[in-house]
Amino acid sequence: MVNSGTVIGTDGFGNANERGEWIKIIQSGSVNIGDRVRIGSCTTIDRGAIEDTKVAHDVIIGNQCQIAHNVQIGNNTAVSNGVGMAGSLSLGSHCNVDDGSTLNGHIDICDHVNISKMAMVMSPITHPGDYRSGIPAQEHQDSLMTQGLILNLEDMHRHINILYKNC
């Protein structure tokens, strides 16, 4: 099912800067969409630059998503509203990408990964798990530690100054 306003097979960005001038790169691939796929309104799926952009079986894509050229989305994956995927990304099977997340191009994300709202995935994800919002997206336990450190920076700074003065 494809909802209204959706565009499938557009050129996408496909440009390269050559000596200060933008040159159009021909997008000669296509888009392959599997069975039982649902695509929300106003979503854009770019065709591949050379190889095809592929959306596997039983995938759900929400409204206003951007799926760039050569992206590969695995079986039974759900992509919520407003997600942006840069070119040549490989997203595994049985994944969930929540609202407003951004996934960098030219990286692989393994199967069984859950990416929470507003996460920015900047590097490959090589083991299953829950990756929480933030820049960059981190595994849940790591994000809790990072948040704890940030919340305690002022107190840590005070303690470091005391230790420094006593040396």
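This report walks through the strands, the nonpolar core and the salt bridges of a predicted model.

## The open sheet

A good place to start is the sheet. Here 7 strands come together in an open sheet with mixed pairing, and their order is E5-E8-E11-E14-E17-E19-E20. At the edges sit E5 and strand E20 (138–139), each of which pairs on one side only.

Now look inside the sheet, at strand E14 (residues 96–97) and strand E17 (residues 113–115). These two pair in the parallel sense, over 2 bridges. Within this pairing, Val-97 stands opposite Ile-115 in E17.

## The nonpolar core

Ile-115 also leads us to the core. The largest nonpolar core holds 30 residues, and Ile-115 is one of those that touch the most other members. Ile-61, Ile-73, Met-85, Leu-91, Leu-103 and Ile-109 share that role. As a general background, nonpolar side chains tend to be buried together in soluble globular proteins.

Ile-109 is worth a closer look. Leaving aside residues up to four places away in sequence, Ile-109 touches Leu-89, Ser-90, Leu-91, Gly-92, Leu-103, Ile-115, Val-121 and Ile-125.

## Salt bridges across the chain

The model has 6 salt bridges. One of them joins Asp-11 and Lys-24, with the closest N and O atoms 3.4 Å apart. Asp-11 lies in the loop between strand E1 (7–10) and strand E2 (15–18), while Lys-24 belongs to strand E3 (residues 21–24), so the pair ties together parts that are 13 residues apart in sequence. Asp-11 is partly exposed, at 26% relative accessible area, and Lys-24 is partly exposed too, at 39%. Salt bridges link Asp-11, Lys-24 and Arg-47 in a network.

Another salt bridge brings together the side chains of Asp-58 and Arg-36, at 2.6 Å from N to O. This pair links distant parts of the chain, 22 residues apart: Asp-58 is in the loop between strand E7 (53–55) and strand E8 (60–61), and Arg-36 is in the loop between strand E4 (31–33) and strand E5 (38–39). Asp-58 counts as partly exposed, with 27% relative accessibility, whereas Arg-36 is exposed, with a relative accessible area of 58%.

## A salt bridge further along

Asp-130 and Arg-132 also meet through their side chains in a salt bridge, with an N to O distance of 4.0 Å. Asp-130 is partly exposed at 33% relative accessibility, and Arg-132 is partly exposed with a relative accessible area of 30%.

Definitions and conventions: Residues are numbered from 1 along each chain as its sequence is written. This is a predicted model: local features need pLDDT of at least 70, side-chain atom pairs count only at pLDDT 80 or more; totals for chains, interfaces and linings use all residues. Side-chain values use heavy atoms; hydrogens and water are left out. Helices (H or I, at least four residues) and strands (E, at least two) are DSSP runs, numbered from the N terminus. Buried means under 20% relative accessible area, exposed over 50%, partly exposed in between (1.4 Å probe, protein chains only). A nonpolar core is a set of buried Ala, Val, Leu, Ile, Met, Phe, Trp, Tyr and Cys residues joined through side-chain atoms within 4.5 Å. Contact means heavy atoms within 4.5 Å. Two strands pair if DSSP finds at least two bridges between them.
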